Amino acid sequence: MSARIGVITFPGTLDDGDAARAVRYADAEAVPLWHADENLHDVDAVVVPGGFSYGDYLRAGVIARFAPVMTPVIEAARAGMPVLGICNGFQILCEAGLLPGAMIRNQGLHFICRDQWLRVENTETAWTSRYEPGAEILIPMKNIDGCYVAEQSTLDELEAEGRVVFRYVGGNPNGSRNDIAGIRSENGRVVGLMPHPEHAIDALTGPSDDGLGMFYSAVDALIKA
């Protein structure tokens, strides 16, 4: 039986279809989760995809954090379920308190859409075990509120505990502190990043297939569990 990975759709979500496709590429079953669902339909992991949930009103991710589906997501994540937040999903996980820090408007105040090199800093998470430490991967990014910020004490803690998972290479595109592109929870089961691995699963349609490793890593983590 294949792993069941849920992909949430909020009003304004754009990348749920591509996230579900990435799950299927990793030989797992993609299970649609609606923002109004009050349970997770027996999934083994969850992807919170990118987009502009609820139009980014108030601030990116803050309304989605209170959607009914997020209650079981938060409970499951705290119990050890693998959860991946991509772009707006990363913002939502920060608003939900599953990851520290916040995202603010990009330095320069421009929407950024480009292929971005990342360095994999930590391979001991549910979403990065397929990579070699220090591997450089090419992943598309597209955001306007992608500048990661946190108090200096939080940044120091993330660095000291090896919780920075991805770092921008070849220049910081949005002003994120410490060139941070993605981080993990203390137990390594929850990961958030601003670039879009679901857009880099097939060299025919993306700049690379480097993003597919995240989805294979999750399947590996579920098989080992």
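The exercises below take up salt bridges, backbone angles, a surface patch and helix packing in one predicted model, each with a worked solution.

Residues are numbered from 1 along each chain as its sequence is written, and side-chain values use heavy atoms, with hydrogens and water left out. Because the model is predicted, local features need pLDDT of at least 70 and side-chain atom pairs count only at pLDDT 80 or more, while totals for chains, interfaces and linings use all residues.

**Exercise 1. Salt bridges**

Find how many salt bridges a search of the whole structure gives, and work out which parts are tied together by the pair Asp15 and Lys142.

Solution. Begin with the criterion: a salt bridge is a side-chain nitrogen of Lys or Arg within 4 Å of a carboxyl oxygen of Asp or Glu. Searching the whole structure in this way finds 10 salt bridges. One of them joins the side chains of Asp15 and Lys142, with 3.0 Å from N to O. Next, place the two partners, using helices (H or I, at least four residues) and strands (E, at least two) that are DSSP runs numbered from the N terminus. Asp15 lies in the loop between β1 (4-9) and α1 (16-25), whereas Lys142 belongs to strand β7 (residues 136-143), so the salt bridge ties together parts that are 127 residues apart in sequence.

Then consider accessibility, where buried means under 20% relative accessible area, exposed means over 50%, and partly exposed lies in between (1.4 Å probe, protein chains only). Asp15 is buried, at 5%, and Lys142 is partly exposed, at 25%.

**Exercise 2. Further pairs and a network**

Determine which residues are joined into one network by salt bridges that share partners.

Solution. Start with Glu121 and Arg119, which form a salt bridge whose closest N and O atoms are 3.1 Å apart. Glu121 is partly exposed, with a relative accessible area of 31%, and Arg119 is partly exposed too, with 27%. A further salt bridge is made by the side chains of Arg163 and Glu157, at 3.7 Å from N to O; here Arg163 is buried, at 5%, while Glu157 is partly exposed, at 39%. The network formed through shared partners consists of Arg119, Glu121, Glu159 and Arg167.

**Exercise 3. Positive phi angles**

Look at His41, Leu58 and Gly97, and state where each one lies and what its phi value is.

Solution. His41 is not a glycine, although its phi is positive, at about 55°. This residue sits in the loop between β2 (29-34) and β3 (45-48), where His41 is partly exposed with a relative accessible area of 34%. Leu58, likewise a residue other than glycine, has a positive phi near 70°. Leu58 is located in the loop between β3 and α2 (70-78), and it counts as exposed at 78% relative accessibility. Finally, Gly97, found just after α3, takes a positive phi of about 80°.

**Exercise 4. A nonpolar patch**

Identify which residues make the nonpolar surface patch of about 290 Å².

Solution. Patches are made of residues with over 30% relative accessible area and no salt bridge, like charges being joined within 9 Å and nonpolar side chains (Val, Leu, Ile, Met, Phe, Trp, Tyr) within 5 Å. Accessible areas come from the Shrake-Rupley method with a 1.4 Å probe, and for residues only the protein chains shown count as cover. The patch is made by Leu14, Phe52 and Phe111. Among them, Leu14 lies in the loop between β1 and α1 and counts as exposed at 52% relative accessibility.

**Exercise 5. Helices**

Describe how α1 packs with α5, and find out how many of the residues of α3 are buried.

Solution. Take axes as lines fitted to C-alpha atoms, for helices over the stretch in contact, with angles running from 0 to 180 degrees between N-to-C directions. The axes of α1 and helix α5 (residues 212-224) are 9 Å apart, and the two pack at an angle of about 60°. Angles under 35 degrees count as roughly parallel, over 145 as roughly antiparallel, 65 to 115 as roughly perpendicular and the rest as oblique; α1 and α5 are therefore oblique to each other.

Turning to helix α3 (residues 88-95), seven of its eight residues are buried, so this helix is largely enclosed by the rest of the structure. The buried residues are Asn88, Gly89, Phe90, Gln91, Ile92, Leu93 and Cys94. Cys94 has 10% relative accessibility, and its C-alpha is 8.3 Å from that of Gly61, although Cys94 and Gly61 are 33 residues apart in sequence.
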